[in-house]
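Below are some questions on the terms used to describe a protein model. Each answer sets a value against its definition.

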Amino acid sequence: MSTPTTARAQIRDATLAHGRDFMTSSLAADYLGIAAGTLRKWRMRHYGPRFQKVGGEVRYYLADLDSWLEDQFIDVDGGDR
């Protein structure tokens with residue numbers, strides 16, 4: 001069983017190995033460790049990481065996913081990072 005960090009690293013490596021810095025919605029959901037339907041709902045609710053539509057295809061850039069994940073941290077003292 002792989003940890004989320006390991007799975008995330010594998011997805012990152014595979015994406016970059018194909019010469020891309022972006023991924024599909026379903027792969028981005030795997031990267032975040034959530035269901036593809038959850039990510040779709042987030043888009044409809046204007047929540048979640050930035051995305052781009054190109055020719056009807058949704059794309060998530062690695063930098064945007066990582067930035068959004070970093071912003072989700074909450075300090076244990078109750079303050080935001």
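Q: Why is the crossing of H2 and H4 called right-handed or left-handed?
A: H2 passes H4 in a right-handed crossing, because the word applies when the near helix is turned clockwise from the far one by less than a right angle, and left-handed when anticlockwise. This is a predicted model, in which local features need pLDDT of at least 70, side-chain atom pairs count only at pLDDT 80 or more, and totals for chains, interfaces and linings use all residues. Residues are numbered from 1 along each chain as its sequence is written, and side-chain values use heavy atoms, without hydrogens and water.

Q: What makes the contact between H2 and H4?
A: Ala28, Tyr31 and Leu32 of H2 meet Leu62, Leu65, Asp66, Trp68 and Leu69 of H4; contact means heavy atoms within 4.5 Å.

Q: Which classes of residue does the contact of H2 with H4 have?
A: By class there are 7 nonpolar, no polar and 1 charged residues. Asp counts as charged, while Ala, Leu, Trp and Tyr count as nonpolar.

Q: Which residues of H2 are buried?
A: Ser25, Ala28, Ala29, Tyr31 and Leu32 are buried, a word for under 20% relative accessible area (1.4 Å probe, protein chains only).

Q: Why are the buried residues said to lie on the same side of H2?
A: They cover an arc of only 160° around the axis, so they are on the same side of H2. The arc is that of the directions from the helix axis to the C-beta atoms.

Q: How do you know that S1 and S3 pair?
A: S1 and S3 share 2 antiparallel bridges, and pairing requires DSSP to find at least two.

Key. Helix = DSSP H or I, 4+ residues; strand = E, 2+ residues; numbered from the N terminus. Buried < 20%, exposed > 50% of the residue type's maximum accessible area, 1.4 Å probe, protein only.
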